Structures are given as structure tokens and as C-alpha cells.
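Colleague: Could you take me through this model? I would like to begin with the cysteines.

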2 protein chains.
Amino acid sequence: VGAGLIGGSVLRAAAAAGWTGWAVTADLAEGEAARADGHDVTVDLPDALDRAARQDALVVLATPLPAVPEVLREVARTAPDCRLTDVVSVKGPVAEAVRRHSPQVRYVGGHPMAGTAASGWSAGSAELFRDAAWVVAAEDDADLAVLRDVVRLALDCGAHVVPATAAEHDDAVARISHLPHLLAAVLAAVGADGGPLALALAAGSFGDGTRVAGSRPELVRAMCEGNRDALLDAVDDALGRLGAARGSLASTGSLGKTIEAGHQGRGELDRQRARAGTSVRVDLAAPGALAALRAIGSRGGRITALDGDQAVAETF
Amino acid sequence: VGAGLIGGSVLRAAAAAGWTGWAVTADLAEGEAARADGHDVTVDLPDALDRAARQDALVVLATPLPAVPEVLREVARTAPDCRLTDVVSVKGPVAEAVRRHSPQVRYVGGHPMAGTAASGWSAGSAELFRDAAWVVAAEDDADLAVLRDVVRLALDCGAHVVPATAAEHDDAVARISHLPHLLAAVLAAVGADGGPLALALAAGSFGDGTRVAGSRPELVRAMCEGNRDALLDAVDDALGRLGAARGSLASTGSLGKTIEAGHQGRGELDRQRARAGTSVRVDLAAPGALAALRAIGSRGGRITALDGDQAVAETF
């Protein structure tokens, strides 16, 4: 449901991996373009969902967050107990909308961590998810059969799967995606306030630190505002640290604690990326499978393959 | 005076351009390495300054900021009215130290905006300043003959010259260099607080936004702490903007003003880099030359050549 950058890329990547899929979009031009590329695309949401119900298809919700409730109400009418996942960039609010508007569906949330610089069907690609992380929500009440289907879809799209709860996901992306966008916006504005002289002296640190401030504002807003609660926590953490740095600089002249903590944090990223993992298997049919998956995700691990009921994972 | 990354590179670049130069360093190993590379390097500061006084050489102060007062006291003893510039990353505090410790020198400050990731003689290069901005302090009381010498040195080292007052320089670099380092440190710490799951999901925005947090903490501290007053203003600007974003997100759910201002600011950087300038000449012997130079710098312009007493500049 949705044939934009992400939904359109899922349709193409799944088709390339041998899945039979169809899409529905409210955007007539987008639907036309997708059909011209040889895909089965309709503008009739009830019809698309009715086909899904009759074939017990996995429904992939790929609309912007504000459109989710309306789609879910149609799901409740037409395909009330379907298998459902989503690719929206925030997980708690989608899970809450599912509970409210379509409580009978077998829902397991997902989020492929792929680019947002462009948008629309034409910006998509079957390769968009290659080597990307695709978070799959491993809540305690998750239906393991549906979870396995979602993992299969993500792996077939070329991604690796990071299992996490919705809350863990939202907290993590607030820190490593939404706060970076917000700080880039703040930095760009403070720099531009310095006028042409300041911008003429700008080099690597300012260029890097403001790069994502060039992204389309409406996309950045939708992403950040949709994760309000978790982002507020991350902003408070940043405000606290920046305020402490300010106080220390003003009173003692030292930025030691701030700079050292930042160096340590960046070092953790580099060390985590360089470390070697070990391979484990999780039997998705066994008790405790969800907790085992979450433990892998929380240590920075990932599912890299499915072997029948076994998830093959790299863990640390 | 100093044969580290910057001082050692000035010595090499100036020698390559045909200048006769010698260096003094308190670091015996550094001096040994520079001599092995064929340069005239001593560890005797009074002797080096005495030679400078006798030959009316342009003295280039290239020590860390904390060592500046001690060197200036020796300058006042041995070469009290020499021509003096510096390559320290902050200009107001150096100018203040000159007024206090060596008030008779003919001083015009400078700051080549070149890399700080590595340090020491061995990290230097005659090409370090190629196409870099080299700020030259065009204060109202500047000696124009010395200013022309400093401009000549910068141009011969491969840089272009940005004229600005010490205060303008310090405000600008606080915004486009020191604040980016501080925000990168804050972001890296907040991200690492999210643990291995958050770091496993980190992609472009976090990687870019934290890159300079990997720089050597002692160098980042020296740079930022040395520009305390201007950096406090920039930090207050950032705290105000981030606090306003927090308030708006919490109360109305909107980040519109913050994200739009950031997008606008980044756009100004991109547009400034793309615009075409016009060529002008400033007669350094004419009245109002310093004001004319500062006006060029404040519009993002630069001196690209010297033609006798004429500075050839690109302005906007």
C-alpha cells in the first residue's frame, strides 16, 4: 500500500526475488509510471486489500505516517485478519494505530533504513535495500510465522534484519538519525548567521555537520515529528550535554569532559564496525525465540539468512 | 617559531617558493627531523630571533596558543620591532598577547585554515595550504607594508587571503569550525548512549555529523578553548535554537521553523560556493585600503594575487 520511494522499491525488489506482488497508490501519476514499468498497480484500495485477503498475502503498509489510520480502517473492513507489516520510519505510533484501527490483523512492524533524499516511484530501485539494516519488531506478542515472513521479505530485498522492540527502535533512530538532522539544521542556521565571511571560511567540519540540512524539509519534518516522544528524550540529552559544555567553558575554560566523551562515542562506532561477530542460529519455532532475537539486536547483531525455521544471525 | 604541522609546512612552502627561512623549535626530535630534510632549524630561540632582527626578517609565530606569551617576551628582548605574524587558530587572544608582551613589534595576524587531524613536523607538507583560505587581520592600525608581506607569504604558500578583523575571524571560526566540533562531540556521546543497537543502525547522517569527533581531543580542546568568548556566543545561539525546537516539538509537534532555517542556511553555503565573483584591485598604498580589504572579506571575497602595491581580489 503505497508506491513511493520505499513502497515502490519493495515492490521491485520483491518481484526481482521471485515474489508475486501488487501495489495500490492514491497517486494516479505514480500508478501510471509503475504500470509502465510492468508492475501490477491499482488505485483501488478496497480491491487491492480484497485480493490480499483472498490470497492471504503479506500486506506492506508503505504510506506516510499521517495516512496510516485511514488505510488501517480499510484493512479492518476488507482484510481484517491479514498478515501486515509496514516500512514507516517510526514504530511505536504505527503499532498504536494498528491496535486502535485494525486490532485483528497479524501485525509485525518493520523499518528498512534506506535513503530519504529523493521521493516517489521514479526514485525507487530494486537495489535500494542492498546491505541496509531492516529493523523487524520482535515484540513479545509477535506472531512468529508472520515475523518469519517479514524477515524473508527483508532478506530477499537484499537487507539484513535487526530485531528490536518498537520502543528500542524509536529510541535508537531518534539518537542516530533524527537528532543528527536536527543538529545539522541548528548548525547550518548558526553558521549562516555568520554571513558570507563565515561561510567563506567553512571547511570539512561545517560541510559534514550540515550536509543533511540540505534534505527536503518536508521529509525531514515528517520523519522527526513522527518520532516526537523519543526525539524529545534525545534532544534533552543533547541540550543537557551542550549546556554542561557551555557552563564548563564559561566557568573553568575547559571542554575536556565534552570533547573526551565525544571522542569516546565516535570510537565506539568505529570499533563496533570493525569487530568480528560470531554466527548463531535461532529456532523460530522454539520458546524464547523472540527474546533471543532481541538480545542479538541489542548487542548490535543481525539476521543474515533464513534456513527453514532457523534464523541465521551474526552476533557479538 | 615552531616547526610542527603548520610551522613546518610554512617553512617548506615558503622555501619552495624561493624564500630564505629558518626555524626554531623547542622539540629536539622535531628539529632533528627538519634538519634531516635539509632545513635550517635551531633550538636556540634568542639566536633565531637575533638573526631575524639583524636581517629584518618576517617572524612567523607558529606555536600553540599557551606558548605564545613566553615567545613574545623573548621577541621583546631580542627583536623588539620586528615584522611579526602568526598562524594560531584564534586571533583576538594573540593580538592581546602581542599588546601586552611585545608592544613594539609590527604585528599583522594570520590564520591559514588548514587541517588539524595530524600534528608534528612529519605531518607537514609544502602543499598543505594549496587552495586554502588564509585569514589576514586587516585591523585599522595595521602596518600596510607588513600586511603586504604576510599576504605575499600566504599567496606564495598556495593559499588565497581572506581579510578580516580579529573579532570577525574569531566569530566566524567559532560558528563554522569550533561549534561543529562541539556539536559532533555531543552527538557522538548521545548516539553511543543508545548502545550497540543504535550504533548498528547509524548511517550517513550520524557518520557525517560525528566525523570530526574522531580528531585528537587535545587538539580540538586547544582550538575550541582558545576561542572561548566567541565560542560561547555561538554555543548560546545553538542552545537557543535547539531549545526553541524542543519547545515547539513538545507543544505543537512542529519542527518547521528549525528545519526550514537549517535548509535555508545550508542552501546559502551551496549558493555562495557556486556564485561567480568579479575581479577588483585594491591599492595598498591608498587611503582606505584596509576598509576596502575588510569589505571584500565580509562579502565572502578573497585576495588571489599581488601586483606591486595592488592586491588583486575576487569579490561578490
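Modeller: The cysteines come first, then the relation between the chains, then a sheet.
This is a predicted model, in which local features need pLDDT of at least 70, side-chain atom pairs count only at pLDDT 80 or more, and totals for chains, interfaces and linings use all residues. Residues are numbered from 1 along each chain as its sequence is written, chains are lettered from A and ligands numbered from 1 in the order in which they are written, and side-chain values use heavy atoms, without hydrogens and water.

Colleague: How many disulfides are there over all chains?

Modeller: The count is 0 over all chains, where a disulfide is a pair of cysteine sulfur atoms within 2.5 Å. Cys157(A) is in no disulfide, and the nearest cysteine sulfur, that of Cys82(A), lies 18 Å away.

Colleague: Is Cys157(A) buried or exposed?

Modeller: Cys157(A) is buried, at 1% relative accessibility. Buried means under 20% relative accessible area, exposed over 50%, and partly exposed in between (1.4 Å probe, protein chains only). Cys224(A) is also buried, at 0%.

Colleague: Next topic: what rotation superposes chain B on chain A?

Modeller: A rotation of 180 degrees, with 0.0 Å of shift along its axis, does so at an RMSD of 0.0 Å. The two copies are therefore related as by a two-fold rotation axis. The fit is by least squares on the C-alpha atoms of residues with pLDDT of at least 70 in both copies.

Colleague: Which residue of chain B comes closest to the rotation axis?

Modeller: That is Gly209(B), with its C-alpha at 2.3 Å.
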